[in-house]
Amino acid sequence: MPGSFAVRAENLVKVYEGTVRALDGVTLSVEEGELRAIVGPNGAGKTTLMRILTTQIKPTSGDAWVLGRHVVREAGKVRSAIGYVPQEFSVWNDLTGYENLLVYAKLYGIPRDRRKRVIEEMLEFMELKEAANRLVRTYSGGMIRRLELAIALMVKPRVLFLDEPTIGLDPRARALVWSRVLEYRKEYGATVVFNTHYMDEAERYSEVVTMMNRGRIVAEGEPGDLAKAVGEGDLVSLSLEGDTAKALDALSRVPELVVVSAKNPVLVRVENAQRQLPYLMEALMGNGVRVKEVGIRRPTLEDVFVKLTGMTVEEAEALGFRGAAAMRRAIRRGG
Ligand SMILES: Nc1ncnc2c1ncn2[C@@H]1O[C@H](COP(=O)(O)OP(=O)(O)OP(=O)(O)O)[C@@H](O)[C@H]1O
Ligand SMILES: [Mg+2]
């Protein structure tokens with residue numbers, strides 16, 4: 001039953017220009033009020049999925065519903081219940097922040113007598129009051145993203161879709177965007193679905209992660225549970241001097257140790273790094289291996305991706321050709 005979910009997709013397929021299979025059978029359910037991350041490298045199909053869910057494009061086959069409304073047959077009803085911040089710019093550089101909000105307020109049909117109040121409230125909420133009367137071309141990347149959020153939130157959507165909400169932003173600007181999104185969600189009990197290829201962001205800000213690669217869902221679950229797919233325990237990274245052959249030979253004799261990546265820095269998984277590290281170092285030094293640096297960490301979503309796809313995120317991105325990297329550069333240039 002699609003009706004009881006905020007978002008439901010069934011076997012979505014999208015083929016562009018008869019050749020590019022951007023979505024290859026995506027089925028997904030997002031509960032009302034949930035905070036869902038869709039992660040994956042460039043070209044995974046994240047934006048395509050979001051464009052279908054927000055009624056921008058139609059699927060080649062399959063169905064999807066938002067709050068029980070079909071995204072093709074009831075597109076208008078879907079649009080009036082959602083907010084959407086697209087990956088690409090959606091504001092005008094030659095207008096002020098205030099003017100941008102005003103244009104969209106008219107577009108969304110907010111009655112004339114309420115527009116000013118709604119706009120001021122949004123500017124305040126997004127910490128853009130001071131900059132309201134400046135041209136957007138003078139804004140930083142973070143301010144532009146917050147303005148786009150302000151626009152999306154004017155209509156108080158029950159479901160908010162964010163495509164790479166913090167791409168290209170520095171950590172402080174990223175944190176500010178997130179604090180606003182989370183506060184909105186808390187206040188209105190809204191569902192938030194966001195795309196990101198920052199695995200750390202998905203880990204930190206979502207309740208459930210959907211991991212995509214090449215048009216398919218490769219994993220789904222709570223971030224902590226997904227990380228367990230790599231195996232319980234700790235990861236130890238060993239930055240080595242010289243080649244890794246002698247090190248791998250030594251490590252093969254250490255009990256209860258799994259080599260996750262044999263490239264320098266070598267990554268191994270152990271049950272308990274604190275307990276096992278002395279033995280590990282002893283084995284390496286005994287074999288004449290010089291270790292430059294040791295790092296201990298918990299498995300991340302990045303490690304999950306490597307395990308599930310056999311590729312690093314960078315390798316997977318090299319396969320895509322319309323990169324988020326270009327978008328990042330554009331944002332740094334100030335668009
Ligand atoms: N309008 C289009 N016409 C043709 N191919 C497209 C179009 N839009 C996307 N694609 C292709 O579809 C695939 C999925 O692209 P999509 O933008 O959905 O991925 P993404 O996960 O959002 O990637 P990114 O991280 O770069 O934003 C890619 O191979 C992309 O090149
Ligand atoms: Mg995208």
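**Close-up 1. Strands β12 and β13 side by side in a predicted model.** β12 and β13 (residues 266-270) make an antiparallel pair held by 4 bridges. Look for Val259, which sits opposite Val268 in β13. As background, strands in a sheet pair through backbone hydrogen bonds, and they can do so parallel or antiparallel. Keep in mind throughout that what you see here is a predicted model.

**Close-up 2. The open sheet of 4 strands that β12 and β13 belong to.** Reading across, the order is β12-β13-β11-β14, and the pairing is antiparallel. β12 (257-261) and β14 are the edge strands; each has a single partner strand, so one side of each is left with no neighbour in the sheet. From one strand to the next, the twist averages 25 degrees. Helix α10 (residues 273-286) lies across β11, β13 and β14. If you follow α10 against β11, the two run at about 30 degrees.

**Close-up 3. Edge strand β14 and its partner β11.** Here β14 pairs with strand β11 (residues 234-240) in the antiparallel sense, with 6 bridges between them. One handy landmark is Ser237, whose bridge partner in β14 is Gly295. How many of the 7 residues of β14 (residues 291-297) are buried? The count is 0, so to speak a strand that is hardly covered.

**Close-up 4. The open sheet of 6 strands.** This one has mixed pairing, and its strands come in the order β6-β7-β8-β3-β9-β10. Which strands stand at the edges? They are β6 (82-85) and β10 (216-221), and because each has a single partner strand, one side of each lacks a neighbour in the sheet. Ignoring direction, neighbouring strands of this sheet are turned by 15 degrees against each other on average. Zoom in on β6 and you'll find it joined to strand β7 (residues 159-163) by 4 bridges, with the two running parallel. Within that pair, Ile82 stands opposite Val159 in β7.

**Close-up 5. Helix α1 packed on the sheet of 6 strands.** Helix α1 (residues 46-53) touches β3 (35-39), β7, β8 (191-196) and β9 (208-213). Its direction makes about 150 degrees with that of β7. Is α1 enclosed or exposed? Of its 8 residues, 8 are buried, so the rest of the structure largely encloses α1. The buried residues are Lys46, Thr47, Thr48, Leu49, Met50, Arg51, Ile52 and Leu53. Just past the helix, look for Thr55, which follows α1 and has a positive phi, near 70 degrees.

**Close-up 6. Helix α4, with a buried side and an exposed side.** α4 covers residues 112-125, and at 1.5 Å a residue its 14 residues should span 20 Å; the end C-alpha atoms are 21 Å apart, which agrees. Ile119, Met122 and Leu123 of α4 are buried. These residues cover an arc of only 100 degrees around the axis, which puts them on the same side of α4. Turn to the other side of α4 and you meet Asp113, Arg114, Arg117 and Glu124, which are exposed. What do the buried residues of α4 pack against? Their neighbours in the packing are α3 (97-107) and α5 (141-153). After α4 comes Glu127, with a positive phi, near 55 degrees.

**Close-up 7. Gly189 in its loop.** Gly189 is found in the loop between α6 (171-188) and β8. Why does Gly189 count as exposed? It has 9 C-beta neighbours inside 10 Å, and 12 or fewer is the cut-off for exposed. For a sense of distance, pick Asn133: Gly189 and Asn133 are 56 residues apart in sequence, and their C-alpha atoms are 31 Å apart in space.

**Close-up 8. Stepping back to the protein chain and its domains.** The chain is divided into domain 1 (2-227) and domain 2 (232-298), and the centres of these domains, taken over C-alpha atoms, are separated by 41 Å. The C-alpha trace spans about 80 × 45 × 35 Å along its principal axes. Counting secondary structure gives 13 helices and 14 strands. Of the 335 residues, 39% count as buried. Among contacts with a separation of 6 or more, 71% come from residues 24 or more positions apart.

Note on methods:
Residues numbered from 1 in each chain as written. Chains lettered and ligands numbered in written order. Predicted model: local features only at pLDDT ≥ 70, side-chain atom pairs only at ≥ 80, totals over all residues. Expected span 1.5 Å × (residues − 1). Buried ≥ 20, exposed ≤ 12 C-beta atoms within 10 Å, placed from the backbone. Arc of directions from axis to C-beta. Contact = placed C-beta atoms within 7 Å. Domains from an automatic or database assignment. Pairing = 2+ DSSP bridges. Axes fitted to C-alpha atoms, helices over the stretch in contact; angles between N-to-C directions.
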